[in-house]
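I opened the model to look up its sheets, its helices and the surroundings of its ligand. My notes follow in the order in which I took them.

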Amino acid sequence: MKQYANRPGKKSIFQSGIPAVFLFGILFLSGPAQGRAAGLYLVGLGPGDPDLATVRALKLVQAADLIYTFGGDILERFADHLKGKDVRELPSDVFLRYNVRRPDPGDPEPQKKRQTFLDSVRQSVKSGENVVFIDNGDPLISGPWVWMLREFESIGIEVVPGISSVNAGLAAIGRDPTWAPHTHTVILTSDRPHGRDRLETLAALQSSMVVFTHRSKFEDIIRKLKSHYPPATPISIVLYAGYKEKQAVISGTLQDIESKVQPDSLPFENIIFVGDFISGVLPGFSM
Ligand SMILES: C[S@@+](CC[C@H](N)C(=O)[O-])C[C@H]1O[C@@H](n2cnc3c(N)ncnc32)[C@H](O)[C@@H]1O
């Protein structure tokens, strides 16, 4: 059994004389987020600085026996919280390619690796460990986790939401995308080449739009937006939303934004907002 250190002179709750039944009630009611019960969690740690992670998320990290991550700068940003933890990197070659609709049927090697991993997670939970998957932002907004929720449905997995880069980006520009002169609708999307929801098709609605850039070409995104939004439509690009030291905003219109942006210097962490809402003109007022 794991030993937890107590502060000198302070009695542990187990030595305090509180009846065991009462204690059990507290532990049960306080729930897994208090780190008492073994379980499986998918936890969003927010878009940037650690102080944008929720209290619940940090408690779960603290209580985790085993943490899985795709790596990247989350390891540096949360270094203090992850110190001394058993942190393991997810085999991204297996998981990022995995799609619930297309789970590599013809390729036995990734399937085998994935199965070994899934079995080991189930085994850890079964043996009483807290297993926590951590991700940036909110894990269920433009995240790769849907497959996992399905895989672990039978043993139960709790999702802890995080502040998304969408929230942090909106905070950076100080605008609400549901308040625009001509729309109350927000589209969250990315530049996908196929399907009914291509950027050009969505642009025709002229709703407020948030574009997760992933690794798409900036010039392509702007060209597709311009196909339907008027050239004077405001656009803001938020770089490193939620990072106090390096957050930056580049604003303009669809007409002139390309003269203000060096596409090659954009970090992966850049998110695009488009629409009249950025102008700050309120519904009911003409622009
Ligand atoms: C795979 S999505 C993950 C989104 C994440 N689940 C969230 O809720 O923010 C990655 C894209 O989100 C955006 N993004 C993520 N973190 C960001 C940040 N801190 N600042 C700006 N954009 C960010 C970028 O467009 C990036 O290409």
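**Entry 1: terms and overall counts.** I take helices (H or I, at least four residues) and strands (E, at least two) as DSSP runs, numbered from the N terminus. With that in hand I checked the end of helix H8: Gly174 follows H8, and its phi is positive, near 65°. The model is a predicted one, where local features need pLDDT of at least 70, side-chain atom pairs count only at pLDDT 80 or more, and totals for chains, interfaces and linings use all residues. Residues are numbered from 1 along each chain as its sequence is written.

I counted 10 helices and 10 strands in the protein. I call a residue buried if 20 or more other C-beta atoms lie within 10 Å of its own, exposed if 12 or fewer, and partly exposed in between, with C-beta atoms placed from the backbone. By that rule 28% of the 287 residues are buried. Two residues are in contact if their C-beta atoms, placed from the backbone, lie within 7 Å. Among the contacts with a separation of 6 or more, 66% come from residues 24 or more positions apart.

**Entry 2: the parallel sheet.** I count two strands as paired if DSSP finds at least two bridges between them. One open sheet has 5 strands in the order E3-E2-E4-E1-E5, and its pairing is parallel. Strand E3 (87-89) and strand E5 (158-160) are at the edges with a single partner strand each, so one side of each has no neighbour in the sheet. From one strand to the next the twist averages 25°. For angles, axes are lines fitted to C-alpha atoms, for helices over the stretch in contact, and the values run from 0 to 180 degrees between N-to-C directions.

I then followed one pair: strand E2 (residues 66-69) and E3 are joined in the parallel sense over 3 bridges, and Ile67 stands opposite Val87 in E3. Helix H2 packs on this sheet, touching E1, E2, strand E4 (130-135) and E5, and its direction makes about 135° with that of E1. Helix H6 (residues 108-126) lies across E1, E2 and E4, at about 130° to E4.

**Entry 3: Leu45.** Is Leu45 buried or exposed? Leu45 is buried, because 27 other C-beta atoms lie within 10 Å. I found Leu45 in the loop between strand E1 (39-44) and helix H2 (55-63). Beyond its neighbours within four places in sequence, the contacts of Leu45 include Ala53, Ile74, Phe78 and Ile134. Leu45 and Ile163 are 118 residues apart in sequence, with their C-alpha atoms 7.3 Å apart.

**Entry 4: the mixed sheet.** A second entry on sheets follows. Here 5 strands form an open sheet in the order E6-E7-E10-E8-E9, with mixed pairing. E6 and E9 stand at the edges with a single partner strand each, so one side of each is without a neighbour in the sheet. The twist averages 20° from one strand to the next. E6 and E7 run parallel and are joined by 5 bridges; Ser190 has Phe212 in E7 as its bridge partner. H8 packs on the sheet, touching E6, E7, E8, E9 and E10, and its direction makes about 65° with that of E10.

How many residues of E8 are buried? I found 6 of the 6, so E8 is largely enclosed by the rest of the structure. Pro234, Ser236 and Val238 point one way from E8, while Ile235, Ile237 and Leu239 point the other way. E8 runs antiparallel to E9 over 6 bridges and antiparallel to E10 over 5 bridges. Ile235 stands opposite Gly252 in E9 and has Val274 as its bridge partner in E10.

**Entry 5: H8 and Arg198.** In H8 I found Ser165, Val166, Ala168, Gly169, Leu170 and Ala172 buried. Among the elements covering them are strand E6 (186-190), strand E7 (208-212), strand E8 (234-239), strand E9 (248-253) and E10.

Arg198 is in the loop between E6 and helix H9 (199-203). Arg198 counts as partly exposed because 15 other C-beta atoms lie within 10 Å. Lys224 is 26 residues from Arg198 along the chain, and their C-alpha atoms are separated by 8.8 Å.

**Entry 6: the ligand.** A residue is near the ligand if its C-beta atom, placed from the backbone, lies within 6 Å of it. Which of the 22 residues around the ligand come nearest? They are Gly137, Ser164, Ser165, Ala241 and Ile271. Helix H8 (165-173) and strand E10 (270-274) each supply at least two residues of the shell. Domain 1 (16-163) and domain 2 (166-279) each give at least three, with bounds that come from an automatic or database domain assignment.
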